[in-house]
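Welcome, and please take a moment to look over the sequence and turn the model around. After that, we will walk through it together, one part at a time.

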Amino acid sequence: MYYYSLQPPYFLLLFGLFMSVTSGLALSGTLKVIVQKWQINSTENSPTNSAFKQSLSVPFLGITVGVCLFLSSGLEIFGFPQLLALGIGLPMSLLTCLLVWLQLGSMLVFAKEQGMQSLDLDSLS
């Protein structure tokens, strides 16, 4: 028997979007604080990579959960059953966020070793 809920999860879609955007703003603010600390402190006294990952993990986890909610709810709105929408949305959002997390970590290590000027792409042209 086919069962479709009478109300599509619009609230979860909006809540996932809100959670992702607010967590992204928190991540942006945390990254700005980290860069300011780098500019104030010398490279010998700068914190380790694990200290950065600890301070960035909570906002990034919020982004991951928000994206998963948004993606799964969006698939449900377009007619996918709940279990299938979650089965597609969860691995897709987790894999994407894992790849972004690894890229962010490598960019922080690169900026720490080479300096922030090495990331300025506008000066290359």
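What percentage of the 125 residues of the chain count as buried? The answer is 27%, where buried means under 20% relative accessible area, exposed means over 50%, and partly exposed lies in between, with a 1.4 Å probe and protein chains only. Before going further, please keep in mind that this is a predicted model, in which local features need pLDDT of at least 70, side-chain atom pairs count only at pLDDT 80 or more, and totals for chains, interfaces and linings use all residues. Residues are numbered from 1 along each chain as its sequence is written, and side-chain values use heavy atoms, with hydrogens and water left out.

Let us start with the overall layout. The chain holds three helices and zero strands, so the terms need a word: helices (H or I, at least four residues) and strands (E, at least two) are DSSP runs, numbered from the N terminus. Following the sequence, you will meet the pattern α-α-α. Contact here means heavy atoms within 4.5 Å. Among the contacts in the chain with a separation of 6 or more, 73% are accounted for by residues 24 or more positions apart. As for the outside, the chain exposes about 8,800 Å², and carbon and sulfur atoms supply 71% of that area. Accessible areas come from the Shrake-Rupley method with a 1.4 Å probe, and for residues only the protein chains shown count as cover.

Now look inside. The largest nonpolar core has twelve residues in all: L27, I34, W38, F52, L56, F60, I63, C97, W101, L104, L108 and A111. Helix 1, helix 2 (49-77) and helix 3 (82-114) each supply at least two residues of this core. Helix 3 gives the largest share, with five residues. A nonpolar core, by the rule used here, is a set of buried Ala, Val, Leu, Ile, Met, Phe, Trp, Tyr and Cys residues joined through side-chain atoms within 4.5 Å. To see one member in its surroundings, find F60: leaving out residues up to four places away in sequence, F60 touches L27, C97, V100 and W101.

C97 leads us to the cysteines. C97 is buried, because its relative accessibility is 8%. C68 is buried as well, with a relative accessible area of 12%. Why is there no bond between the sulfurs of C68 and C97? The sulfur of C97 is the closest cysteine sulfur to that of C68, but the two are 8.8 Å apart, which is too far for a bond. A disulfide is a pair of cysteine sulfur atoms within 2.5 Å, and by this rule the count comes to zero disulfides.

C68 is also a good place from which to find G89. This glycine, G89, sits in helix 3 and is buried, with a relative accessible area of 0%. The C-alpha atoms of G89 and C68 are 5.8 Å apart, although 21 residues separate them along the chain. Neighbours within four places in sequence aside, G89 is in contact with C68, L71, S72 and L75. S93 belongs to helix 3 too, and at a relative accessible area of 2% S93 is buried. Its partners, again without residues up to four places away, are V67, C68 and L71.

From G89 you can move on to L75, which lies in helix 2 and counts as buried at 17% relative accessibility. L75 touches F80, A85, I88 and G89, not counting residues up to four places away in sequence. Of these, A85 is ten residues from L75 in sequence, and the C-alpha atoms of L75 and A85 are 5.5 Å apart. I88, in helix 3, is partly exposed at 33% relative accessibility.

Another residue of helix 2 is S73, buried at 2% relative accessibility. Setting aside neighbours within four places in sequence, S73 is in contact with P9, L12 and L13.

L12 brings us to the surface. Together with F11, F15 and F18, L12 forms a nonpolar patch there, with about 440 Å² of accessible area together. Patches are made of residues with over 30% relative accessible area and no salt bridge, with like charges joined within 9 Å and nonpolar side chains (Val, Leu, Ile, Met, Phe, Trp, Tyr) within 5 Å. A salt bridge is a side-chain nitrogen of Lys or Arg within 4 Å of a carboxyl oxygen of Asp or Glu. Within the patch, F11 lies in helix 1 (residues 10-40) and is exposed, with a relative accessible area of 64%.
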